[in-house]
Amino acid sequence: MREVPVRLPDGRSCDIVVGHGAVGVLGERCRGLGLGTSCALVGDAALADTFVESVRRSLCDAGFEVLVLPYAGGEEGKNLASVEELASGMSAAGLDRGAWVAAVGGGVVGDLAGFVAASYLRGVDVVQVPTTIVSQVDASIGGKTAVNLRLGKNLVGVFHQPRLVLADTDSLRTLPREEVVAGLAEVLKHGVIRDEELFAFLERRLEEVVEMGIGAAELDDLIARNARIKAEVVAADEREGGLRAILNYGHTLGHAIEAASDYGFRHGEAVLLGMAAAAEIADRLGLWESPEARARQDALVERLGVRPGISGIDAGRIFEHTRADKKRASGRNRFILARGIGRVEVVDGIEDGVVREAVSFLQRRYP
């Protein structure tokens, strides 16, 4: 197994454990953290008989009392009503401040369960057990928790660091191909923002990774490498005052596309489009160090596979959702834009017309 530490400046820490079969050590690791005896397991209902049950058994074998709270909704159900439902279930079961939450599932479950943990009785511990690529390399790491409002994605949230992140890579081999593609969007993003060697690995072996044709050790290494990128950025800037903003590459328009499509696009599918739009904006602003650098990103985005259908979403609605983006400052558009592979920067004051043109570009190129 691989271990990636997240060490925050104030002394708080969290270990990310990555490995095939890692769920078998979950109970032991949680017991070693000194967590309370009662646990609310918020699990993806689709995994109830498989991975959620494995987690429950591991925790019970370690002596924990486990209350299973299934979540059957998707991104569209990640809202305050679901928070109330889950928190009410915990309260009805008599869980007190010594209890803790285990989040088992993809990024939606992790966001929702993390927010419940952060707010229940003014905050209890949370352990993240991510089961998708996007959650293992990104969403479960760093303490961001949030739910959606009708006006946009993740507009109500709080930072609440997990005590442990345990990523069992065996869960990734059960994912449908479209979920693998969506998750690899975040891996591609990490390559663009911080790791040209990772990007080059994807250029060489993308199709093999998409088909889960790589060995167990290689898959563990790939997930751990991405987890390390996220961990290093979070350790340097926990609350997104500076460096951490680069992790939002492709997310400004990506989140807008998700919301404008009523979450008909998966997060990673929308992020791929958001990255393509960011590349176009950077080109219009003359930021790319060379045409070849942009061409490399465009080529890999297209090899991974851009989902069709954005031309059917009202362009004005997409643009309006960008105006609810959390990264906006003083009413000005803020985008993360690339200069080269492995190098991006935060750019403020992007004109509305440029954003609208980027949306039009997407709808023409990837209808």
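Is Tyr263 buried or exposed? Tyr263 is buried, with a relative accessible area of 18%. We will come back to this residue in the last view; please keep in mind throughout that this is a predicted model.

**View 1. Strand β3 is paired with β4 and β5.** Let us start with strand β3, which covers residues 38-44. Five of its seven residues are buried, so the strand is largely enclosed by the rest of the structure. β3 runs parallel to strand β4 (residues 65-71), and seven bridges join the two. To get from β3 to β4 the chain passes through helix α2 (residues 51-61), making a right-handed β-α-β crossover. Strand β5 (residues 100-105) is also parallel to β3, with five bridges joining them. Gly43 is a handy residue to locate here: its bridge partner in β4 is Pro70, and in β5 it stands opposite Val104.

**View 2. Strands β7 and β8 form a hairpin.** Here β7 (residues 144-149) and β8 (residues 152-159) run antiparallel, joined by five bridges. Two residues lie between the strands of this hairpin. If you look for Leu149, you will find it opposite Gly152 in β8.

**View 3. Three leucines form a nonpolar patch on the surface.** Leu149 appears again in this view, together with Leu80 and Leu151. Together the three have about 280 Å² of accessible area. Leu80 belongs to helix α3, which spans residues 80-92. Its relative accessibility is 42%, so Leu80 counts as partly exposed.

**View 4. Leu188 and Tyr249 sit in the largest nonpolar core.** This core has 84 residues, and Leu188 and Tyr249 are the ones that touch the most other members. Helix α10 (residues 267-284) gives the most to the core, contributing 11 residues.

**View 5. Glu240 and Tyr263 have positive phi values.** Most residues other than glycine have a negative phi, which makes a backbone check worthwhile here. For Glu240, phi is positive at about 60°, although the residue is not a glycine. Glu240 lies in the loop between α8 (216-236) and α9 (251-260). With 25% relative accessibility, Glu240 counts as partly exposed. Tyr263, the residue we opened with, also has a positive phi, near 60°. You can find Tyr263 in the loop between α9 and α10. The relative accessible area of Tyr263 is 18%, and buried means under 20%, so this loop residue counts as buried.

Notes:
Residues are numbered from 1 along each chain as its sequence is written. This is a predicted model: local features need pLDDT of at least 70, side-chain atom pairs count only at pLDDT 80 or more; totals for chains, interfaces and linings use all residues. Side-chain values use heavy atoms; hydrogens and water are left out. A nonpolar core is a set of buried Ala, Val, Leu, Ile, Met, Phe, Trp, Tyr and Cys residues joined through side-chain atoms within 4.5 Å. Buried means under 20% relative accessible area, exposed over 50%, partly exposed in between (1.4 Å probe, protein chains only). Helices (H or I, at least four residues) and strands (E, at least two) are DSSP runs, numbered from the N terminus. Patches are made of residues with over 30% relative accessible area and no salt bridge: like charges are joined within 9 Å, nonpolar side chains (Val, Leu, Ile, Met, Phe, Trp, Tyr) within 5 Å. Accessible areas come from the Shrake-Rupley method with a 1.4 Å probe; for residues, only the protein chains shown count as cover. A salt bridge is a side-chain nitrogen of Lys or Arg within 4 Å of a carboxyl oxygen of Asp or Glu. Two strands pair if DSSP finds at least two bridges between them. A crossover is right-handed if, with the strands pointing away from the viewer, the path from the first strand over the helix to the second runs clockwise.
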